[in-house]
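Reader: I am in my first year and still learning how to read a model of this kind. Could you take one part of it, go through that part slowly, and then show me how the rest is arranged around it?

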Amino acid sequence: MGKTSSIAVHHVTRVEGHGNIVIDLRDGRLTRCDLEIVESPRFFEVLLKDRPYEEAPRITCRICGICSVGHATASVHAIEAALGVKPGPRTRGLRRLNMCGEWLQSHILHAYFLVAPDAFGASSVIPLAGDHPDVVTRALRLKRLANEICYTVSGRHVMPISYQAGGMSYWPVLAELEAMRAKLEAARPDIDATVDLFATLTWPQAERAVECLAALDDDGAYPMMGGTLHSSTGKTFAPRAYRDAMHEYLVEHSASKHVKGQDGTLRVGALPRLNLAFDRLHPRARLAAQKLNLAPGLTNPFLYTAAQVVEAVQAFEEAVLLTDALLLDPSPEDRAPVTRPRGGDGVGVCEVPRGTLIHEYDIGADGRIIRANCIIPTGQNLASIEEDMRAFIPAIVEKPKAEIAHFAEMLVRAYDPCISCSVHVLNVDFAGDEC
Amino acid sequence: MGDEGAVPMADGRRLTAELTVLGIGNVLAGDDGAGVALADALEKAGLPAGARVRVAGSDPLAVLEELEAGRHVLLLDACRFGGAPGAMTWMRLDDPRWPTSVAPLSLHGLDLPTVFQLAKTLHLPLEKAWLLGVQPAATLEGRGLSPAVANAWPHLVDGAHRAVRRLLDGLTPADTAPALAAAGAATSPGA
């Protein structure tokens, strides 16, 4: 007779938002393994309804304090697609630089403050700071640098309000760009030390091959600013056909929708991006991957963090290059005109730290948003997280409950879920309203 | 603006580090956005030399980042401290009377108490960080401040300006509280 037990982890720690893990074992057999998303729905698609399209990036950037640049980016991409606007290369470069700041900030936060305590055997970042103050202080320095990038580019650390169709309402001051360039150079030892630190850590062994999905930039750059959706199944999808690439569905135990890919669950985020676009990495990022023993074909979800460290190097190196480009060519902003102001339907895609973010807006002839749809990376990963638990936990059912719970928490945390972003599934029916 | 150097004061005293004003909160959650709105108002009006504004949203680690860089910090945030909606309070961040933040300020589970503990562990000078809190009336999801906070707005902006100038002048809380009270919107915590 095998083990019979119930394990409930209420409010998984060190993730954004509230989620519970529920595991039931009957006679040594796993009978239930759910990640319950219990965060309140936030209705942010409804917040967009009837609003002038110009407001959408300023509203959606407030969905998340970590992915605020990403939401502003996907939002302005959707508007530009709807209105037929093609921003110029300098605008695109500036937006990419801002995204580099967000990636660096988010990946450093997750790797150092949320995952490193597990790797160092600490219960949280507090004892980690006591034993390794240099590590935590370095993380603070890098996080500040990332925030400074966003501030220099968009005038704000987070929640940028400068995104407009065809351009940016804020353009960086040359002197501030020069100061930031110096700060980037000074931070290089911290970036190198980050790679060296995480290369010393060992990760749980848990392999499961899953479909990977990412929007690869059509200009050949590392996936960040959106483009054609590429699946590891070999299929590709234009952004407008995102519904063919992923299928949303409801489950009873989650306030967030789940998503399936072509054959079943799918993964998005740093690990799939590395699998799908390893050859697009900056040479220094590729060197970091080598040090971290990462190569295409990764199937262990615990390696998400190592992949994020590689992407932190990528974001850092791209920030250096993009800043240099802006300094070398301090010509004015290349604002593109709105050519089709009567509205239409547009899909905006970009790669935020946690994966592929999609915004779709239907804009009316009066310039107001009739309908909005947002698909959040965490929602795309939820089904895969549960499938991972169901695949991996049977092998450890004889271990103590605390160990099983800790393993499950680490697994959830590895994906760096942003539960607060993902909960927006419940539709609101207003009387007399067709939405 | 450089990172280092002392800021000259009107009376000849010098603040040994610059002051960063951090706007905390989310303007999509009613009065929870008061801190960010105040930060925006200060930036729009212009701040004295030595002070700068940053919007930190829901990131409490921003306090530590500024302290680690040797700066003083003034947090602008909505707080339940027992005052009337629209009233203002202020205190040092290492004050044991620290009030409850409206929306539990948290980034991936890193909330303010955790951040304070982290600051102590890293021996960062929490005594260089101050809170200017606004008592909210409503923090439900939705845009715009409540009537109570909106009515107090001129006083709140004025009080925030005075707090910045006082801190740059190197004054203590006891020095500053009367100045805020004179603005007509201040409440001294625990008084």
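Author: Let us take the open sheet of chain A as the part to look at closely, remembering throughout that this is a predicted model. The sheet has three strands in the order β12-β13-β14 of chain A, and their pairing is antiparallel. Strands β12 (344-352) and β14 (369-375) of chain A stand at the edges, and each has a single partner strand, so one side of each is left without a neighbour in the sheet. From one strand to the next, the twist averages 15°.

What joins β12(A) to strand β13 (residues 355-363) of chain A? Nine bridges do, and the two strands run antiparallel. To find one place in this pairing on the screen, look for Cys350(A), which stands opposite Leu357(A) in β13(A). As a general point, strands of a sheet pair through backbone hydrogen bonds, either parallel or antiparallel. It also helps to know that in a regular strand the side chains alternate between the two faces of the sheet.

Helices come next. Helix α3 (residues 68-83) of chain A lies across β12 and β13 of chain A, and it runs at about 150° to β12(A). Helix α13 (residues 377-392) of chain A also packs on the sheet, where it touches β12, β13 and β14 of chain A, and its direction makes about 130° with that of β13(A).

With that sheet in mind, we can step back to the chain that holds it. Chain A has 15 helices and 14 strands, and 55% of its 435 residues count as buried. Its C-alpha trace spans about 70 × 60 × 40 Å along the principal axes. For 435 residues, a compact globule would have a radius of gyration near 22 Å, and the 21 Å of chain A agrees with this. Among the contacts in chain A with a separation of 6 or more, 72% are between residues 24 or more positions apart.

A single residue can make such contacts easier to picture. Asn275(A) has its place in helix α10 (residues 270-277) of chain A, and it is partly exposed, because 19 other C-beta atoms lie within 10 Å, whereas a buried residue needs 20 or more. Leaving aside residues up to four places away in sequence, Asn275(A) touches Cys212(A), Ser232(A), Pro296(A), Gly297(A) and Leu298(A). Its C-alpha atom is separated by 9.1 Å from that of Thr299(A), although the two residues are 24 residues apart along the chain.

Chain A also meets chain B, with 32 residues of chain A in contact with 25 residues of chain B. On the side of chain A that touches chain B, helices α4 (89-119), α5 (125-131) and α6 (133-154) of chain A each supply at least two residues, and the largest share, nine residues, comes from α6(A). Sorted by class, this side of chain A has 17 nonpolar, seven polar and eight charged residues. For the complex, the predictor gives an ipTM of 0.72 and a pTM of 0.86.

From the other chain, Glu65(B) is a good residue to follow across this meeting place. It lies in helix α2 (residues 61-68) of chain B and is buried, with 27 other C-beta atoms within 10 Å. Not counting residues up to four places away in sequence, Glu65(B) touches Leu140(A), Lys143(A), Arg144(A) and Asn147(A). Within its own chain, Glu65(B) is 54 residues from Ala119(B) in sequence and 9.9 Å from it in space, C-alpha to C-alpha.

Chain B offers a parallel pairing to set beside the antiparallel sheet with which we began. Five bridges join strand β3 (residues 19-24) of chain B to β5(B), and these two run parallel; here Leu22(B) has Leu75(B) as its bridge partner in β5(B). Six bridges join β5(B) to strand β10 (residues 129-134) of chain B, again running parallel, and Asp77(B) has Gly133(B) as its bridge partner in β10(B). Eight of the nine residues of β5 (residues 72-80) of chain B are buried, so this strand is largely enclosed by the rest of the structure.

One caution belongs at the end. The mean pLDDT of chain B is 76, and 70% of its residues reach 70 or more. Over residues 1-15 of chain B, however, the pLDDT is below 50, and this stretch has 25 contacts in the model beyond near neighbours in sequence. The pLDDT is also below 50 over residues 173-191 of chain B, a stretch with 42 contacts beyond near neighbours in sequence. Where pLDDT is low, the predicted coordinates should not be read in detail.

How values were computed. Residues numbered from 1 in each chain as written. Chains lettered and ligands numbered in written order. Predicted model: local features only at pLDDT ≥ 70, side-chain atom pairs only at ≥ 80, totals over all residues. Buried ≥ 20, exposed ≤ 12 C-beta atoms within 10 Å, placed from the backbone. Helix = DSSP H or I, 4+ residues; strand = E, 2+ residues; numbered from the N terminus. Pairing = 2+ DSSP bridges. pLDDT = per-residue confidence, 0-100. Contact = placed C-beta atoms within 7 Å. Axes fitted to C-alpha atoms, helices over the stretch in contact; angles between N-to-C directions. Nonpolar A, V, L, I, M, F, W, Y, C, P; charged D, E, K, R; others polar. Rg over C-alpha atoms; globule rule 2.2 N^0.38 Å.
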